[in-house]
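Student: I should like to learn how the features of a protein model are read, one at a time. Could we begin with the structure itself in view?

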Amino acid sequence: MSRYADFYRQSIDQRDAFWAEQSRLIDWHTPPRQVCDYSNPPFANWFVGGTTNLCHNAVDRHLAQRATQPALVAISTETETERSYTYAELHAEVQRMAAVLQSLGVKKGDRVLIYMPMIAEAAFAMLACVRIGALHSVVFGGFASGSLASRIEDAGPVAVISADAGSRGGKVVPYKPLLDEAIALSSHKPAAVLMVNRGMAPMHLQPGRDHDWTALRAQHLDTTVPCEWVEATHPSYTLYTSGTTGKPKGVQRDTGGYAVALAASMKHIFDAKAGDVYFATSDIGWVVGHSYIIYGPLIAGMTTIMYEGLPTRPDAGVWWSIVEKYQVTHMFSAPTAVRVLKKQDPAYLAKYNVKSLKALWLAGEPLDEPTAQWISNALQVPIIDNYWQTETGWPILTLANGVEPQTARFGSPGKAMYGYGVKLVDEATGEELTAPHQKGVVAIEGPLPPGCMQTVWRDDARFVNTYWKSIPGRLIYSTFDWGIRDADGYHFILGRTDDVINVAGHRLGTREIEESISAHPNIAEVAVVGIADALKGQVAIAFAVARDASGLVDDASRLRLEGEVMKQVDGQLGAVARPARVYFVTVLPKTRSGKLLRRALQAVAERRDPGDLTTMEDPAALQQVRELVGR
């Protein structure tokens, strides 16, 4: 089938036949007897009766043809180390880790919490867990003890795998004290803690509970640990994502559906071939790291690169040096990172040969058109936006260039991907909006396709009530994002449904205002929030980072730039969308994964307590905001 429209239509109208065909992209120990059981909406069971194993599909099945091909390349600019593992070497290391876990009492169905930096042992740990049928729950390395404790409590792990320390920007972050405190805070006490000693920080081992990885690994150098064949519906992992209220939600993923979804995405979305090289700059603590550092590229027989470090250290050319050295064909990053690079000397990009790159995919937050245009001009390769969620595990909106080459439209993450019954619906009535350029909530008809969340860990009711009951009158999955769709099927994301600003009865998406402000030549980055206003209900406030701040030396120069920005918004969106103030800061408050902390910005601007800030990268960023709005 050559045309994507036909391909998509088949995935919706002939769902089971379509996914039966995709299921042939992976190895099954026992073939499925039913493609999809949707007898109890909104719970979907995919490939019922089939048995398989994620580790087998990611590692073992490639040994016959690619045992000597690099599978995993672990690069750290923090420790100035690089190590490449062939598929055969990866297979051996994963079995050693699996044997160690079994020796610590881990068995099928148990949970293992992984709290690690971006080192090869973290990949071994994830693959070892699914090899023996245990569920991993990866927590971003360096999370504060309180956040880690809540995840330990909810996941109930038998064992925790960690390291003495991580490093960011040359600053060592000791993990062991954070982990010890988290276990002390949690009512659940893991029976075993396995520690990888990098020699970066003191590491006190608690007798009887804590174990040294190097010592235990030495006992299992030649151990063979066969794959545990599990039901397709057997959970592979949980991954926590913050909700608007309450404790973080444990997104629960299956095994067979996830393997099929990733294999299909590598073929149809990324147009990837075995032997290609994939470089995702994310972290394994986030869903991109699960799907497109560890599992997706390995399932496809590619070489995958794990990177510990910043995009600007030792200099802003480090990523492009990796692309050149390893002949990277597929690169996946985030708009935030590109905006950081946009502020650096362009000579760093020109210094390296990046012609091996087929494309750069960007996700994690909306990609503004000026940033997309800048990196497109700089790299001279296609820039492909994509939109998805921790909950879905793979892209909802992008371009399936492996099916039919299509042209990206800057500002749009693309078209609905096969399998996703994407609808735009009226928030108040639930009515589907079918005409072009109508603004609605981006929603997905059930069943969610393979690879998406099964449920919220240990909380089916929360899964149903949070995701499926927010649209009146129908059982439909809400992404909680506003969107529009043009006549050609390209979608545009306008921001969260809970980030809408109501200014004197006019409903404005923060995303729309940010896009307009970002188009100003001296604006590198911007966040817009709505704050309470006695007259208008709400007004928009913008916090912006200047590309060149050397001219912002006094109040008069800042007011001049503020006036230019307001004039630009007036011209593009109308005076109603003009922010009440534009504050200039040197850095925006973000999580360690690069997401803007808009709620914290809003709270500080309204002189409220911003709440839990354990995921914030730089506490000084919010202090700047406090000082500005308090003047």
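**Reading the loops, the sheets and the fold**

Tutor: Let us start with a proline: Pro 447 is placed in the loop between strand E24 (440-445) and E25. Please bear in mind throughout that the model is predicted.

Student: What kind of peptide bond joins Gly 446 and Pro 447?

Tutor: The general idea comes first: most peptide bonds are trans, and most residues other than glycine have a negative phi. Here, Gly 446 and Pro 447 are joined by a cis peptide bond, with omega about -5°. A cis bond also links Arg 313 and Pro 314, where omega is about 10°. Pro 314 likewise belongs to a loop, the one between strand E17 (303-308) and helix H12 (318-326).

Student: Which value of phi does Glu 80 have, and is the residue buried or exposed?

Tutor: Glu 80 is a residue other than glycine with a positive phi, near 55°. The loop between strand E4 (70-76) and strand E5 (81-86) contains Glu 80. Its relative accessible area is 73%, and the cut-off for exposed is over 50%, so Glu 80 is exposed.

Student: Where does His 437 lie, and what is its phi?

Tutor: His 437 is found in the loop between strand E23 (421-425) and E24. Its phi is positive, about 65°, although His 437 is not a glycine. The relative accessibility of His 437 is 53%, and therefore this residue counts as exposed. A glycine offers a further case: Gly 301, which follows H11, has a positive phi near 75°.

Student: How many residues of helix H11 are buried?

Tutor: Helix H11 covers residues 287-299, and 13 of its 13 residues are buried. The helix is thus described as mostly covered.

Student: I should now like to turn to a residue of intermediate exposure. Which residues does Arg 409 contact, leaving aside its neighbours within four places in sequence?

Tutor: With those neighbours set aside, Arg 409 is in contact with Asp 486, Asp 488 and Tyr 490. Arg 409 sits in the loop between strand E21 (397-398) and strand E22 (415-416). Because its relative accessibility is 32%, Arg 409 counts as partly exposed. Along the chain, Arg 409 and Leu 399 are 10 residues apart, and their C-alpha atoms are separated by 10 Å.

Student: How should the strands of a sheet be read?

Tutor: Strands of a sheet pair through backbone hydrogen bonds, in either the parallel or the antiparallel sense. In this structure, an open sheet of 8 strands has the order E12-E11-E8-E6-E7-E14-E15-E25, and its pairing is mixed. Strand E12 (210-212) and strand E25 (455-456) stand at the edges; each has a single partner strand, so one side of each is left without a neighbour in the sheet.

Student: In which sense do strands E7 and E14 pair?

Tutor: Strand E7 (residues 135-140) pairs with strand E14 (residues 237-241) in the parallel sense, over 2 bridges. Within this pairing, Thr 238 in E14 stands opposite Ser 137.

Student: Why is strand E31 described as largely enclosed?

Tutor: In strand E31 (residues 537-546), 9 of the 10 residues are buried, so the strand is largely enclosed by the rest of the structure. Strand E30 (residues 523-533) runs antiparallel to E31, and 10 bridges join the two. Ile 523 has Ala 546 in E31 as its bridge partner. E31 also pairs with strand E32 (residues 581-584), in the parallel sense and over 4 bridges. There, Arg 581 in E32 is the bridge partner of Ile 541.

Student: How is the chain as a whole to be read?

Tutor: One begins with its inventory: the chain has 20 helices and 32 strands. A compact globule of 631 residues would have a radius of gyration near 25 Å; the chain has 24 Å, which agrees. The C-alpha atoms fill a box of roughly 70 × 55 × 50 Å along the principal axes. Of the 631 residues, 60% are buried.

Student: What share of the contacts between residues at least 6 apart in sequence joins residues at least 24 apart?

Tutor: That share is 69%.

Student: What remains to be said of the surface and the charges?

Tutor: The chain exposes about 23,500 Å², of which carbon and sulfur atoms supply 50%. There are 62 positive and 67 negative side chains, and the centres of these two sets lie 1 Å apart.

Note on methods:
Residues are numbered from 1 along each chain as its sequence is written. This is a predicted model: local features need pLDDT of at least 70, side-chain atom pairs count only at pLDDT 80 or more; totals for chains, interfaces and linings use all residues. Side-chain values use heavy atoms; hydrogens and water are left out. Buried means under 20% relative accessible area, exposed over 50%, partly exposed in between (1.4 Å probe, protein chains only). The radius of gyration is taken over C-alpha atoms; the globule rule is 2.2 Å times the number of residues to the power 0.38. Contact means heavy atoms within 4.5 Å. Accessible areas come from the Shrake-Rupley method with a 1.4 Å probe; for residues, only the protein chains shown count as cover. Lys and Arg count as positive and Asp and Glu as negative; His and the chain ends are not counted. The place of a charge is taken as NZ of Lys, CZ of Arg, CG of Asp or CD of Glu. Two strands pair if DSSP finds at least two bridges between them.
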